[in-house]
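Colleague: I would like a close look at one part of this model, starting from a single cysteine and working outwards to whatever surrounds it. Please take the helices first and then move on to a sheet.

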Amino acid sequence: MYSNGREGGLRIHTVVVRIYSRALNKIKNPMAASTGVDNWNKNWRGSDRSTVVKKSAPYYNYGETRSVGSLPNGSSVVYIDALSESHTRVAVRYGKDIVYTNVDNLTKPKSLSIINLQPQAFGIVGVEYGISDYIRTVKEQIKSRSDITGDLETYLLDLVSYSEIGTANFGGYDINDLPLADITKYFGEVLGPIHCIKRGLLTKFGLGITTSSKIFIPTSATEPLLDYYLIRTDGKRIPISAKATGTSNVLKVDMIVKKIKESPFLLNKYQNAVEFKILDAIINNSMMDGPFVGAMILGSITDQAAALAISSGNSTITNAAPFSSLIKSDARLSILPKNQKPTTMQLSYVCEKKIVEYSRANSGRFTNMIKDTLSEEIVFVKLSIDRNTKQPKFEGLKAAGSSSIGLVKLRSKNGYASKSDKMGFQL
């Protein structure tokens with residue numbers, strides 16, 4: 001009896017010590033950041049929230065333990081409360097996909113003052129502007145918004161001034177404390193038209209853009225291939241795609257498919273084409289599954305093999321027989337030890353390579369389809385910001401349009417062990 005009582009007393013004593021230690025830790029460090037389940041309960045549960053990834057982190061498919069890709073540092077995601085079941089696997093919308101990651105990989109909402117710097121947030125879309133009215137409206141909007149204050153307000157106005165006249169103060173603040181990624185990516189769409197018209201960024205291309213040109217920014221999602229138009233005095237519209245420097249000129253597959261589906265003529269022309277079916281498979285399936293459907297369309301794998309891979313999720317394929325031809329055709333998978341089975345991610349990447357090979361061999365067909373889709377030439381305007389001088393730097397690149405586009409092919413940024421994006425066209 002004494003022994004049992006002593007053991008019970010020890011257990012009680014241990015619990016008391018642990019509780020006391022936790023309480024003492026909170027007293028010593030009352031501002032300690034919450035993590036794990038405490039972070040989830042305190043900062044996230046109850047509603048969906050927009051946020052950004054605070055460090056490069058793995059993500060998973062639902063119910064799986066092996067990661068299927070990596071969320072890049074600083075990428076925008078949306079936390080989805082109804083689909084989140086634990087702090088180690090909260091659901092987020094990343095692009096068009098719903099994936100799962102640890103809640104501690106996300107920037108807490110209270111630590112992230114998400115300020116919308118897209119043109120739509122400044123009320124300058126859907127209307128044609130002369131350059132003077134455009135600049136005046138942008139400045140007024142910056143000054144009137146309650147969420148844009150202090151150093152951010154000053155810096156945005158300095159950027160407008162620099163794009164307009166080539167000079168600005170750029171003093172009295174540290175831009176490293178500002179949301180530079182969003183400024184570059186989103187406010188660049190606001191600044192670009194000013195820099196193009198007032199500073200002659202595109203003069204070298206002979207596009208006819210002058211100080212008398214007008215600006216038109218489409219409303220959200222109505223023009224997926226571009227960000228704004230610069231309108232010449234003769235009424236011709238020059239489409240512009242705004243990008244942050246460092247991003248490649250990749251034409252997203254969904255843009256092409258959307259344009260084709262919106263045009264009865266183009267849809268009738270291409271809906272039965274293998275090339276269109278492959279693109280449609282890419283956009284209507286996940287990064288993991290799309291390549292299997294595409295490879296099935298090409299005849300690289302059977303319907304049964306594709307169904308098996310898709311139903312297996314991100315796991316090891318225990319029955320590799322349906323993929324024997326695919327495996328033998330790949331230099332890496334063909335030399336796997338006999339006791340080692342391939343994973344669906346590895347097979348998915350091999351399928352991507354098959355699709356890329358097909359696009360190279362049939363580049364002319366893909367090119368003609370894109371030429372039919374892109375009725376106008378597109379110009380890329382890229383923005384970077386020098387952290388030392390705080391000055392913006394714009395670069396104009398003339399991209400291929402329907403009249404000058406060269407042979408194109410699909411490309412993949414993925415690998416045998418990771419997924420980062422769906423396939424796209426390299427211009």
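At 2% relative accessibility, does Cys196 count as buried or exposed?

Modeller: This is a predicted model, in which local features need pLDDT of at least 70 and side-chain atom pairs count only at pLDDT 80 or more, while totals for chains, interfaces and linings use all residues. Residues are numbered from 1 along each chain as its sequence is written, and side-chain values use heavy atoms, with hydrogens and water left out.

Cys196 counts as buried because its relative accessibility is 2%, where buried means under 20% relative accessible area, exposed over 50% and partly exposed in between (1.4 Å probe, protein chains only). Cys351, at 0%, is buried as well, yet the whole structure contains zero disulfides, that is, pairs of cysteine sulfur atoms within 2.5 Å. Of the 427 residues of the protein, 44% count as buried.

Cys196 falls within helix H5, residues 180-198; helices (H or I, at least four residues) and strands (E, at least two) are DSSP runs numbered from the N terminus, and the protein has 13 helices and 15 strands. The axes of H5 and helix H4 (residues 150-165) come within 8 Å and cross at roughly 30 degrees, the axes being lines fitted to C-alpha atoms over the stretch in contact, with angles from 0 to 180 degrees between N-to-C directions. H4 and H5 are therefore roughly parallel, a label for angles under 35 degrees, as against roughly antiparallel over 145, roughly perpendicular from 65 to 115 and oblique for the rest. On the H5 side, the residues in contact (heavy atoms within 4.5 Å) are Leu180, Ile183, Phe187, Leu191, Ile194, His195 and Lys198, and they meet Leu152, Tyr155, Leu156, Leu159, Val160, Ser163 and Glu164 of H4.

H4 has a further neighbour in helix H3 (residues 131-144), whose axis comes within 10 Å of that of H4 and crosses it at roughly 170 degrees, which makes H3 roughly antiparallel to H4. Here Ile135, Val138, Lys139, Ile142 and Lys143 in H3 meet Glu153, Leu156, Leu157, Val160 and Glu164 in H4. Leu156, Val160 and Glu164 of H4 thus appear in the contacts with H5 and also in those with H3.

Turning to the sheet, four strands form an open arrangement in the order S1-S4-S5-S6, with antiparallel pairing, two strands being paired if DSSP finds at least two bridges between them. Strand S1 (49-52) and S6 stand at the edges with a single partner strand each, so one side of each has no neighbour in the sheet. On average, neighbouring strands of this sheet are turned by 40 degrees against each other, direction ignored. S1 is joined to S4 over four bridges, with Arg49 opposite Tyr79 in S4. Strand S4 (residues 76-80) is in turn joined to S5 over three bridges, and Ile80 stands opposite Ala91 in S5. S5 and strand S6 (residues 97-101) then pair over five bridges, Val90 having Thr101 in S6 as its bridge partner. Two residues lie between the strands of this S5 and S6 hairpin, in which Gly95 takes a positive phi near 65 degrees. Strand S5 (residues 90-94) is largely enclosed by the rest of the structure, because four of its five residues are buried.
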